[in-house]
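Notebook open. Today I'm looking for enclosed empty space, and then I'll check how some strands pair up.

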Amino acid sequence: MSFLATRLDRIKPSPTIAAGQKARELKAAGRDIISLDAGEPDFDTPDSIKEAAIAAIRNGQTKYTTVDGTPALKQAICDKFKRENGLTYTPEQITVGAGGKHVLFNALLATLNEGDEVIVPAPYWVSYPDMTLLAGGTPVFVECPAEKGFKLQPQDLERTITPRTKWLVLNSPSNPTGAAYTRDELKALAQVLLRHPHVYILNDDMYEHVIYDGFAFSTIAEVEPGLYDRTLTVNGVSKAYAMTGWRIGYAGGPVALIKAIAKIQSQSTTNPSSISQAAAVAALSGPQDFIASRAEVFQKRRDLVVSMLNQAKGITCHRPEGAFYVFPSCAGVIGKTTPDGKVIESDQDFALYLLMSAGVSVVFGAAFGMSPFFRISYAASTESLEESCRRIQRACGDLR
Ligand SMILES: Cc1ncc(COP(=O)(O)O)c(C=O)c1O
């Protein structure tokens with residue numbers, strides 16, 4: 001009898017975390033590595049938020065809180081949803097967890113029975129399929145090709161829904177492609193979903209504020225009020241406020257689901273850190289102007305990276321609407337030979353070649369369910385982006 005549970009056989013460790021680990025090991029061994037694999041802003045948490053956390057420690061907010069969020073944070077989240085998304089939620093419709101990842105995991109654990117299906121548009125954020133599998137569900141992938149802007153098409157959604165479909169995952173702007181749905185595109189998907197009342201929408205708006213060229217962000221529960229009662233609108237402070245390490249994510253949704261999530265949390269993690277919750281109140285209620293100026297910086301970096309990658313032989317890079325990722329095709333390098341005689345057979349081979357010979361750490365596309373592509377996070381300084389893109393250009397030029 002194996003000591004470890006068989007459910008572990010269904011999943012693999014996060015490939016993005018693994019890529020970061022490999023890069024760190026090489027750096028520790030003295031190699032010159034530029035890491036473009038991390039899914040976090042390179043900016044620091046704003047001082048006003050840090051001060052709120054320090055004040056929380058000083059004034060004794062250091063005890064257990066309500067399992068799924070303090071009243072103050074739940075109210076700040078309701079205000080945020082109203083102010084920024086036109087969504088009305090009451091505090092009892094809000095849950096707070098240790099990151100958006102935790103909230104998504106709890107939601108799947110609270111709802112999936114063995115064999116229930118979760119529609120995951122591909123390319124996808126690495127955790128959706130494995131969380132689904134861990135919770136006993138079955139991920140069902142729908143390919144969203146680059147020619148369609150990496151976006152789910154209504155007719156593809158329609159043909160993928162079965163009586164076992166429990167959730168559709170929607171993530172806009174997307175990790176790993178940066179693709180974001182317009183209001184009209186969400187409306188078209190909503191028309192399909194309205195015809196299938198048993199399907200719930202796990203809507204992940206984590207990159208809501210990292211958006212470019214004046215793109216108008218929309219979220220499906222607001223675009224189609226008919227879906228409000230079966231949408232979990234997930235968001236968090238990690239990306240918008242550069243607070244990845246604080247571990248606060250939240251969601252608004254139907255009360256029965258919110259209560260089910262609290263039940264799981266009460267028997268697992270209890271509340272997220274009281275201090276981080278106080279910081280999140282300050283983030284959501286405090287000055288918001290730095291969000292737009294940081295998005296401007298990201299936009300400049302996107303333009304730089306897209307332009308430089310398109311000058312690399314064999315690489316084609318789209319121009320995403322948001323998030324801090326690009327997901328270029330490396331179809332043009334497949335079948336080519338490296339200077340030391342190895343044939344690049346897959347995007348995994350290509351990512352390894354970039355790491356070992358150019359010292360640039362990226363994540364291969366298969367990890368996100370689409371090949372041959374790779375993901376670059378441009379949450380890095382302009383200098384290191386210029387240098388890494390030059391290295392990629394050189395490495396591609398060296399292939400024969
Ligand atoms: C699409 C997406 N959703 C959710 C998360 C979770 O973020 P966190 O758990 O830090 O709130 C991430 C983090 O990388 C993400 O990329």
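What volume does the largest cavity have? I get about 160 Å³ for the largest cavity, keeping in mind that this is a predicted model.

Next I asked how many cavities of 30 Å³ or more there are. The count comes to four.

Then I went through the walls of the largest cavity. I found 18 residues lining the largest cavity, and those nearest its centre are Pro-121, Pro-123, Asn-171, Ser-174 and Tyr-181. As for strands, β3 (117–122) and β5 (165–171) each give at least two residues to that lining. Sorting the lining of the largest cavity by class, I have 13 nonpolar residues, four polar and one charged.

On to the second largest cavity, which holds about 80 Å³ of space. I listed its lining, which includes Pro-41 and Phe-43, then His-209 and Val-210, and further along the chain Lys-239, Ile-291, Arg-294 and Phe-298. By class, I get eight nonpolar, one polar and two charged residues for the lining of the second largest cavity.

Last entry, on strands. Which order do the three strands of the open sheet take? I read β9-β12-β11, with antiparallel pairing. The edges are β9 (325–326) and β11 (363–364), each pairing on one side only. I looked closer at one pairing: β11 meets β12 (residues 374–377) in the antiparallel sense over two bridges. For Val-363, I noted Arg-375 in β12 as the bridge partner.

Conventions:
Residues are numbered from 1 along each chain as its sequence is written. This is a predicted model: local features need pLDDT of at least 70, side-chain atom pairs count only at pLDDT 80 or more; totals for chains, interfaces and linings use all residues. Side-chain values use heavy atoms; hydrogens and water are left out. On a 1 Å grid over the protein atoms alone, a cavity is a set of points where a 1.4 Å probe fits but cannot get out, and a pocket is an open set with protein on both sides within 12 Å along at least five of seven lines; lining residues have an atom within 4 Å of a point. Grid points are joined across faces, edges and corners, and a volume is the space filled by probe spheres set on the points. Helices (H or I, at least four residues) and strands (E, at least two) are DSSP runs, numbered from the N terminus. Ala, Val, Leu, Ile, Met, Phe, Trp, Tyr, Cys and Pro count as nonpolar, Asp, Glu, Lys and Arg as charged, and the others, Gly among them, as polar. Two strands pair if DSSP finds at least two bridges between them.
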